[in-house]
Amino acid sequence: MTNDAIRAVIPFKKENAKSRLSGVLSETQRQELAICMLFDVISALEKSGKFDEIDILNSSFSSILDTEFPLNINVLLNEENLNDALNEYLRKSAGHWNGTVLIIMADMPLVTEKQIIELTNMTADVVIAPGSGGGTNVLLIRNPEKFHVDYYGTSFLDHLRIAREAGLSVDVYDSFFVSTDMDEPDDLVELLIHGKGRSADYLRSTEISLDTKTGKLELNKKS
């Protein structure tokens, strides 16, 4: 891998996935939706043509990946919390190949190759794509040896501060599709309206549907 290559890493957890959706989806459905969302994210990365390899971090599975994607996809097991696991990944990246790292969350099924291309074409040392509520959905880090992550809470503000304290230039990438993650039941409305990938197809196959008059979810409406 050359120094100008970009390597993507996707933190992923299948066990007890998306617990805040438990009011509308069973545990099995939440796990299946989580896998579908992961595949949608991988598909967007692959179609962008920006990556040679994708690492899936903190995952406990590998067999479902098979050979569906032409990219090199590596499953890296790490039992640490999100911050420790990603900061260890950044340290290893800086030491091993010193290239750009893109950290992208696995619950962003609306993201497409268009947003990935736009984001990676930005030239700052650190590019941050905020999520709702002050979170961080994507981080592009061109100097992994100078940066560390601090997720949870208002991580968007934390990552701005970390970059500036390290003397790194920062750009903010603002996109509805990138900022929309699937944490709460109301988020599923956006997936049903805008989704075109595997996740939207799966959600439409469940007992959930959309009341187009109210913009709210309906349960147990499908036969």
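I will go through the sheet, the nonpolar cores and the salt bridges of this structure, which is a predicted model.

Let me begin with the sheet. It is open, has seven strands with mixed pairing, and its order reads E3-E2-E1-E4-E6-E5-E7. At its edges are strand E3, residues 72–76, and strand E7, residues 170–172, each of which pairs on one side only. If direction is ignored, neighbouring strands of this sheet are turned by 20 degrees against each other on average. Strand E1, residues 6–11, and strand E4, residues 100–104, run parallel and are joined by four bridges, and within E4 it is Leu 102 that serves as the bridge partner of Ala 8. Helix H2, residues 82–96, lies across E1, E2, E3, E4 and E6, and runs at about 165 degrees to E1.

Turning to the cores, the largest nonpolar core has 52 residues, and those with the most contacts inside it are Ile 10, Leu 45, Leu 102, Ile 103, Ile 104, Leu 139 and Phe 147. Helix H1, residues 27–48, supplies the largest share of this core, namely eight residues. What does Leu 45 touch, leaving aside its neighbours within four places in sequence? Leu 45 is in contact with Ala 8, Ile 10, Lys 50, Phe 51, Ile 54, Leu 102, Ile 104 and Ile 116. Apart from the largest core lies another, of 15 residues, which includes Val 24, Leu 188, Leu 191 and Leu 203.

Now to the charged pairs, of which a search of the whole structure finds 11 that are salt bridges. In one of them Glu 53 pairs with Arg 7, with the closest N and O atoms 3.0 Å apart; this pair links distant parts of the chain, since Glu 53 is in strand E2 and Arg 7 is in strand E1, 46 residues apart. Both of these residues, Glu 53 and Arg 7, are buried.

A second pair is Lys 18 with Asp 183, where the closest N and O atoms are 2.7 Å apart. Lys 18 lies in the loop between E1 and H1, and Asp 183 in the loop between helices H5 and H6, so the pair ties together parts that are 165 residues apart in sequence. Asp 183 counts as buried because its relative accessibility is 18%. Lys 18 and Asp 183 also belong to a network of salt bridges with Arg 20, Asp 107 and Glu 184.

Finally, Arg 161 and Asp 158 form a salt bridge with the closest N and O atoms 3.7 Å apart, and both lie in helix H4, three residues apart, about one turn of the helix. Arg 161, at 36% relative accessibility, counts as partly exposed, whereas Asp 158, at 19%, counts as buried.

Definitions and conventions: Residues are numbered from 1 along each chain as its sequence is written. This is a predicted model: local features need pLDDT of at least 70, side-chain atom pairs count only at pLDDT 80 or more; totals for chains, interfaces and linings use all residues. Side-chain values use heavy atoms; hydrogens and water are left out. A nonpolar core is a set of buried Ala, Val, Leu, Ile, Met, Phe, Trp, Tyr and Cys residues joined through side-chain atoms within 4.5 Å. Buried means under 20% relative accessible area, exposed over 50%, partly exposed in between (1.4 Å probe, protein chains only). Helices (H or I, at least four residues) and strands (E, at least two) are DSSP runs, numbered from the N terminus. Contact means heavy atoms within 4.5 Å. Two strands pair if DSSP finds at least two bridges between them. Axes are lines fitted to C-alpha atoms, for helices over the stretch in contact, and angles run from 0 to 180 degrees between N-to-C directions. A salt bridge is a side-chain nitrogen of Lys or Arg within 4 Å of a carboxyl oxygen of Asp or Glu.
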